[in-house]
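Please open the model in your viewer and keep the selection panel at hand. The tour below goes from one charged pair to the next.

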Amino acid sequence: MADHHPTGIKRWLFTTNHKDIGSMYLWFSFIMFLVGGAMAMVIRAELYQPGLQFVDPNFFNQMTTMHGLIMVFGAVMPSMVGLANWLIPMQIGAPDMALPRMNNWSFWILPFAFAMLISSLFMEGGAPNFGWTFYAPLSTTYAPPSTDFFILGVHMMGISSIMGAINVIVTVFNMRAPGMTLMKMPLFVWTWVITAFLLIMVMPVLAGAVTMMLTDRHFGTDFFNAAGGGDPVMFQHIFWFFGHPEVYIMILPAFGVASEIIPAFARKKLFGYSSMVYATASIALLSFVVWAHHMFTVGMPVAGELFFMIATMLIAVPTGVKVFNWVATMWQGSMTFETPMLFAIAFVILFTIGGFSGVMLAMAPVDFQYHDTYFVVAHFHYVLFPGAIFGTTAAVYYWLPKWTGKMYNEKLGKAHFWISMLFVNLTFFPMHFSGLAGMPRRIPDYNMMFADFNQLASIGAFGLGLSQLLFLGIVIATIRGGKKAEDKPWDGATGLEWDQLPCPAPYHTFDTPPKVN
């Protein structure tokens, strides 16, 4: 019987092709990125100057909650899964993902999960308004009725993530081409394998937290209700035991992307391949023992503060190894600065700034001052926007010729980079100063002394949001009418012979991966 290839809408609904599913993940994540970005625009419009301007304070809180949830779970995570779907089978010489039907299912759960989450905006009492970390008892005792839809949406999103992670692990361990040992895999594959193990370990913890929220709300339990013998601080421990590895789930695949792109445009082999693998694994392991650095102000014992402070600072060591290796790869390389390389270099520099502010926040006595100020907002946006978002953007520019057979407009790509670079710093750098001066986060109004920094951040945010529409235009123009890409659009990329590369399938040279026997 001949293979049946459905067309039209059926192709996308029932597809088991890793490329189609990867494309759907990437488009879905970009739509969520624009939705979450629109919510950020509401936040920044309200904060443009002190005094009530546009929205009611309760709606402002709903926007901060939804913006965080949509960006983390709807934009960053699906974009990384989309890259995994497209690239992992090609990079390890596999014909497809190991569990294609489950792959289809893991994607199609997501639109329904986020439709439920976004629909809460239109319900009586409005959307959840307790912040993206949904601390109890705000999210249990005092939350609007729509919180139940948020809980179900989080459950469905978690199921999708676990299925995607299982698929990655089974594919990589069972379907590598002959001769490709683990230590010959491209680094993007390595970072995703480690990310997949993190997902499987922490998503059930999040499921436990939201299930306890549900039973506290409707079934008379008192997990987080101090009046009934529960403990609101326990919620923070459970949430951050999920939440800290989650931060690395969002950033590790971007490390892999940078480790593919920088050697290609430096025309050198990646410096310290095995140390990069071990550093990634070390970061993942350490991410499980640092969760309470988000909680220095809850009144933990000094011994606890010391432990979490030192453990957090230890993560700077493997992270520093990675930054050193990227710089050493570029050192004395024959570098050219096409758009993917520009985004990758910006990723390294700006992510490092986010890392430095993270070390500052890791110090318990200092964190007492910074906690819940805009300094924290500046820190995690420097990690996530130039980290996860620039990483994904670099990947799209780098592999778009491979995916579509067409070349994007290089001048427009560079314009997108420089505009993004200007506005990302204009948006988030002033937040360091308003935070150090004491401006608390998640507030719709503030003292006049913070007005200048907030105006700069708001102007930057609107510029940053609009510049991403240029990216959308570049991608659509490439798909619809870009000029045909050469076989090796990046000048034969690495400039190395086949056997000099760290893996036998140098995917970044766009040669065909080895066939599976």
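Begin by selecting R217, which counts as buried at 18% relative accessibility, where buried means under 20% relative accessible area, exposed over 50% and partly exposed in between, computed with a 1.4 Å probe on protein chains only. This is a predicted model, in which local features need pLDDT of at least 70 and side-chain atom pairs count only at pLDDT 80 or more, while totals for chains, interfaces and linings use all residues. Residues are numbered from 1 along each chain as its sequence is written, and side-chain values use heavy atoms, with hydrogens and water left out.

Now add D148 to the selection: R217 forms a salt bridge with D148, the closest N and O atoms being 2.9 Å apart, where the term requires a side-chain nitrogen of Lys or Arg within 4 Å of a carboxyl oxygen of Asp or Glu. The pair links distant parts of the chain, with R217 in helix α6 (residues 187-218) and D148 in helix α5 (residues 147-174), 69 residues apart; helices here are DSSP runs of H or I with at least four residues, numbered from the N terminus. D148 is partly exposed, at a relative accessible area of 22%.

Next, select D372 and R441, whose side chains meet in a salt bridge at 3.6 Å, N to O. D372 lies in the loop between α11 (364-370) and α12 (374-404) and R441 in the loop between α13 (410-436) and α14 (451-481), so the pair ties together parts that are 69 residues apart in sequence. R441 is buried at 15%, whereas D372 is partly exposed at 34% relative accessibility.

Finish at D20, which forms a salt bridge with R11 at 2.7 Å between the closest N and O atoms. By this rule, the count comes to 3 salt bridges.

Definitions and conventions
Helices (H or I, at least four residues) and strands (E, at least two) are DSSP runs, numbered from the N terminus.
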